[in-house]
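Colleague: I am new to this structure and would like to know how its labels are earned. Could you walk me through the reasoning?

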Amino acid sequence: MATGYPLRPLVRMDQLWELARKWYSTRLQPDSRRPQPAEMRQIFGGLGLTGDFWDPQSDAFGGTAGGPAAC
Amino acid sequence: MDLDLETKLAIYGHFAAVGSRPSVNDVAARVGAAASRVREAFRRLRELRVLVLEADGESIRMAPPFSGVPTQHRVTAGGVTYHANCAWDALGIPAALHRPATVHSRCAQTLEPLELAVSDRGPGPSDWLFHCVVPAAQWWVDIVFT
């Protein structure tokens, strides 16, 4: 985990691979698009990543960046 | 196909082929459009958060999962070296390429070098953990830090 930062949720490598696969496996294709908030919640929730930390529209940490979420 | 989609595909095709970012002129040549129009397409793609651009408004800092600049997360696949924006994106590169890869990185806590083989079914069993510092709602407050 990164030094100097508050401890946040930890993600196992099998979960991280599934995140990477769901996020990026179509990224080079013409019809690819970035996940939107509802899809993000579905992806995170399917991997057991739940709660405010993983909610792209939560204001629990002081507001959001606005606009379409996700990388 | 509209210019924004052609531009996006040209950018990702370039990253996939050579591992580094294309310039506006590279993309313009690939899509057969004037550089000024491609530059505008870059900016529209930035607004959609498909790209992150440098302060000059045209150099690609990120086309996730690819990084346009060297990072501590290096990925080799098919004889090409790529750089990823974070550990998540380091796995995103083999996922996007549909190609086995080796990830070279380091532990953010101990700075110990890490090497991870990734097959088409993902990495093998590992007790490594990914620490996501920034809540999802704030990723784009500063996506480079995220």
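Modeller: Gladly! Let's begin with β5(B): four of its five residues are buried, so β5(B) is largely enclosed by the rest of the structure. Please keep in mind that this is a predicted model.

Colleague: What makes β5(B) a partner of β4(B)?

Modeller: Two strands pair if there are at least two bridges between them. Five bridges join β4(B), residues 73–77, to β5(B), residues 80–84, so the pair meets that rule. The two strands run antiparallel. As examples of facing residues, Thr76(B) stands opposite Thr81(B), and His73(B) has Ala84(B) as its bridge partner.

Colleague: How are β4(B) and β5(B) connected?

Modeller: They form a hairpin with two residues between them. Gly78(B), in the turn, has a positive phi of about 60°.

Colleague: Which other strand is joined to β4(B), and how do you know that they pair?

Modeller: That is β6(B), residues 101–106. Three bridges join β6(B) to β4(B), and the rule asks for at least two, so they count as paired. This pair also runs antiparallel, with Arg74(B) opposite His104(B).

Colleague: Which side chains of β4(B) are buried, and which are not?

Modeller: His73(B), Val75(B) and Ala77(B) point to one face and are buried. Arg74(B) and Thr76(B) point to the other face and are not buried. In a regular strand the side chains alternate between the two faces of the sheet.

Colleague: Why is Ser105(B) called buried?

Modeller: Its relative accessible area is 15%. Buried means under 20%, so Ser105(B) qualifies. Ser105(B) is found in strand β6 of chain B, and it touches Gln72(B), His73(B), Glu112(B), Pro113(B) and Leu114(B), not counting residues up to four places away in sequence.

Colleague: What joins the side chains of Ser105(B) and His73(B)?

Modeller: A polar contact of 2.8 Å joins them. The limit for such a contact is 3.5 Å, so this distance lies within it.

Colleague: Now for the charged pairs. What makes Arg46(B) and Glu47(B) a salt bridge?

Modeller: Their closest N and O atoms are 3.9 Å apart. The cut-off is 4 Å, so the pair counts. Arg46(B) is partly exposed at 32% relative accessible area. Glu47(B), at 56%, is over the 50% limit and therefore counts as exposed.

Colleague: How do you know that Glu18(A) and Arg21(A) form a salt bridge?

Modeller: The closest N and O atoms of Glu18(A) and Arg21(A) are 2.7 Å apart, and that is within 4 Å, so the rule is met. Both residues lie in helix α1 of chain A, residues 13–24, three residues apart, about one turn of the helix.

Colleague: Why is Glu18(A) called partly exposed?

Modeller: Glu18(A) has 21% relative accessibility. Buried would need under 20% and exposed over 50%, so Glu18(A) falls in between. Arg21(A), at 34%, is partly exposed too.

Colleague: Which residue forms a salt bridge with Asp14(A)?

Modeller: Arg12(A) does, with the closest N and O atoms 2.9 Å apart. Asp14(A) is partly exposed at 45%, and Arg12(A) is partly exposed at 43%. Over all chains, the structure holds eight salt bridges.

Colleague: How many salt bridges cross the interface of chain B and chain A?

Modeller: The rule finds zero there. Eight residue pairs are in polar contact between the chains, though. On the side of chain B that touches chain A, α4(B) gives the most, with nine residues. The residues of that side divide into 34 nonpolar, eight polar and five charged.

Colleague: What area is buried between the two chains?

Modeller: About 3800 Å², of which carbon and sulfur atoms give 68%. In chain B, Arg49(B), Trp88(B) and His131(B) lose the most area to chain A, together 18% of what that side buries. The contact takes 47 residues from chain B and 45 residues from chain A.

Colleague: What makes β1 of chain A and β9(B) a strand pair?

Modeller: Three bridges join them, and at least two are needed, so they pair. These strands run antiparallel, and Val11(A) stands opposite Phe130(B).

Note on methods. Residues numbered from 1 in each chain as written. Chains lettered and ligands numbered in written order. Predicted model: local features only at pLDDT ≥ 70, side-chain atom pairs only at ≥ 80, totals over all residues. Heavy atoms only, no water. Contact = heavy atoms within 4.5 Å. Buried area = accessible area lost by both parts, 1.4 Å probe. Salt bridge = Lys/Arg side-chain N within 4 Å of Asp/Glu carboxyl O. Polar contact = N/O pair within 3.5 Å; in protein donor to acceptor, adjacent residues only side chain to side chain. Nonpolar A, V, L, I, M, F, W, Y, C, P; charged D, E, K, R; others polar. Buried < 20%, exposed > 50% of the residue type's maximum accessible area, 1.4 Å probe, protein only.
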